[in-house]
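Dear colleague,

I am handing over the structure below, and I would be grateful if you could read the notes that follow with it open beside you.

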Amino acid sequence: MPANNALELTDINYDTIKQNLRNFLSNQTELGDYDYDSSTMQILLNLLAYNTYMNSYYLNMAGNEMFLDSAQIRSNVVSRAKMLGYTPRSAQGPVATVQVIITPDDSPTNITIDKNTKFQSSIDGKNYIFVNSEAVTVNANPSGIFSTNLNIVEGRPFTFKYTVSTNNPVRYVIPNENADTRSLLVQVQETAANSSVTTFTNASNLTAVTGNTNVYFLHENEDGRFELTFGDNVIGKALNDGNVLNIDYRVCNGNAASGANSFTILDNISGYSNITVNHVARAQGGGNKESIQSIKFNAPKNYENQNRAVTKKDYENLIKSQFSYIQSVSVWGGEENNPPTYGKVYLSIKPTQSTTLSIAQKNDIIDYLQTKNMVTIEPIIVDPTYMYLKPEVTVKYDPNSTSLSAGSLLTAVANKIISYENNQLGLFGSNFVTSKFLKELDKVSSSFTSINSELRIIKRFVPNTTTVKTYTINFNRSLLNITGGVILRINPSAHPGRGLTVSSSTFTYKGISGTRFDDDGFGNVRTYYVDTTGVRVYTNRLAGTINYNIGVISLNNLLITGYTGSGIEITVDPDANDIDLVRNQILLIKDAKVNIYDNNLKRVVATTSNINTQGETTSIIEDAIISTVYWWLLTIKHQY
């Protein structure tokens, strides 16, 4: 073949393929005189081009599906993940806690709440079934009342049976796509006539599996359903002809029932029907079957940690791959705490649909981690501590450079603040950088001539209104110290002064309902109220202390008998506008204020402080009797 007749192989565009074929054929001695625009030749060229194009497309798709990174079809993604020893997470029903009060018509010694006792809750007109995952025995309290708190999980219980036959083998598939694999109870009955059963467990650790170990292996099959396989008497015990395989499980609705907080019971308990059900903790932690993107992300991470928890990243990867309701995880060793606590690993976890984990969720995670981590290490879960940013943004703009009104610009800036919080904050390690924040706001309009932001920080706590207590509010960063340690010419103990770094919401102290906190600039926290003439009257100039260097406020031996709203807010000025997080801290935005300044009129023409951020709608109130922020040993000033 002449060199100039070679086909071009670097372009698989249909039109290019067709033109290459035409050029090749027209350059052949035998076919050079043909009219390639005639209908017959056009049909042949179209056929050849279509065939070549489709073959290239299918080969490309087949090549993509051979690798985890590029695969798009779920069954192929699951198959590639299986090669890394990874089983995708099933759908999981949320867990709620209820108080069950049973009033019997006789005098039993105790009452047993059977496993899978059904409760019902309704969300948006749809009913969901919740059950308890294990039987609970309830004893009467000293008043003769049978009462207990019960964890219930969403899902309907099902049982499926298989008869083992080597002559007619079947695949042991759970027929429901939304089966919650956490609920699997696999039992092997000797024969249909022999009711003796053996319980098999999931083989999560092959190092402990021998030829006599009663385990099953779980994987997702090509149809998106979970399938069980059993051993061969070398790795795991094999099933025998005539065995009856019983599979008990729940079929759930993923996260659809999350938030349920009103329950009724559908079954009697030990024959008693006089039952009261009270809500204790709303349903949390539900999740849909693991997505393709999640599998592609988690499978390599799971392979890295080899199904064991040793490093901090191991803990994070294991938790995220096992529990569908986890949004963010922070892990650190106890030796990094101040003071150090050796032999412990600390985990702070933010769920996707709430701000903190429920007790039931914490117990599930601890139980799971204890099967993965080193025996000498104790996992401890601590709640996230939320800190709120209070920015006041002033935007100057040229009204001649935009057709938008000041009100429209105000709305656009407020929406950008909401977007910044949603995309940049709300997770562990999501620091606040003022320059990046202002850069995002500057994108709103080219008419902006300057943007300035002043920043304050808020934390909230609930005081004990009946007992004298000491409270610790830990901001974990250096705060504004306006005196810098220099002795002022005035006497701070005699001069009324003003709040320099600290301010607060109102509370009741010494019978005065409008009391607030401030500081004197010398490390003392004071209480005051404002009289009818607008003057601050101090009721306790030594109510507490503030350490400006490390950001800790101590309120000592106070009896606060009331407060406004749902808690007391402590607001401080940081010494810098960039906020770096440590350990279990999470940032949200609250009480953000925006001012729009007209350069022509030389005044503020629009302002708002009602911005619907997450921090505004989901403010967390903490117990400040014991600080819940975990932090490093300080080696030098301002280093965390």
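To begin with a pair of helices in this predicted model, the axes of helix α7 (residues 406-424) and helix α8 (residues 434-442) come within 9 Å of each other and cross at roughly 135°. Because that angle falls short of the range over 145 degrees that would count as roughly antiparallel, α7 is described as oblique to α8, and the crossing of the two helices is right-handed. On the α7 side the contact is made by Val413, Lys416, Ile417 and Tyr420, and on the α8 side by Lys436, Phe437, Glu440 and Leu441. Sorted by class, the contact of α7 with α8 comprises five nonpolar and three charged residues, with no polar ones.

The next item is a sheet. Seven strands form an open sheet in the order β21-β27-β26-β25-β24-β23-β28, and their pairing is antiparallel. At its edges lie β21 (469-474) and β28 (560-563), each of which pairs on one side only, and the twist from one strand to the next averages 40°. As for the edge strand β28, it is joined to strand β23 (residues 507-509) by three bridges, the two running antiparallel, and within this pairing Phe507 has Tyr563 of β28 as its bridge partner.

Two further strand pairs may be worth your attention as you go through the model. Strand β16 (residues 326-333) has seven of its eight residues buried, so it is largely enclosed by the rest of the structure. This strand, β16, pairs with strand β17 (residues 344-351) in the antiparallel sense over seven bridges, and Trp332 stands opposite Tyr346 of β17.

Strand β2 (residues 110-113), for its part, shows two faces: Ile111 and Ile113 make up the covered one, whereas Asn110 and Thr112 make up the uncovered one. β2 is joined to strand β5 (residues 136-139) by four bridges, and these two strands run antiparallel. Ile113, which belongs to the covered face of β2, stands opposite Val136 in β5.

If you wish to check these points by eye, the contact between α7 and α8 can be followed from Val413, Lys416, Ile417 and Tyr420 of α7, and the pairing of β23 with β28 from Phe507 and its partner Tyr563.

With best regards

How values were computed: Residues are numbered from 1 along each chain as its sequence is written. This is a predicted model: local features need pLDDT of at least 70, side-chain atom pairs count only at pLDDT 80 or more; totals for chains, interfaces and linings use all residues. Side-chain values use heavy atoms; hydrogens and water are left out. Axes are lines fitted to C-alpha atoms, for helices over the stretch in contact, and angles run from 0 to 180 degrees between N-to-C directions. Angles under 35 degrees count as roughly parallel, over 145 as roughly antiparallel, 65 to 115 as roughly perpendicular and the rest as oblique. A crossing is left-handed if the near helix is turned anticlockwise from the far one by less than a right angle, and right-handed if clockwise. Contact means heavy atoms within 4.5 Å. Ala, Val, Leu, Ile, Met, Phe, Trp, Tyr, Cys and Pro count as nonpolar, Asp, Glu, Lys and Arg as charged, and the others, Gly among them, as polar. Two strands pair if DSSP finds at least two bridges between them. Buried means under 20% relative accessible area, exposed over 50%, partly exposed in between (1.4 Å probe, protein chains only).
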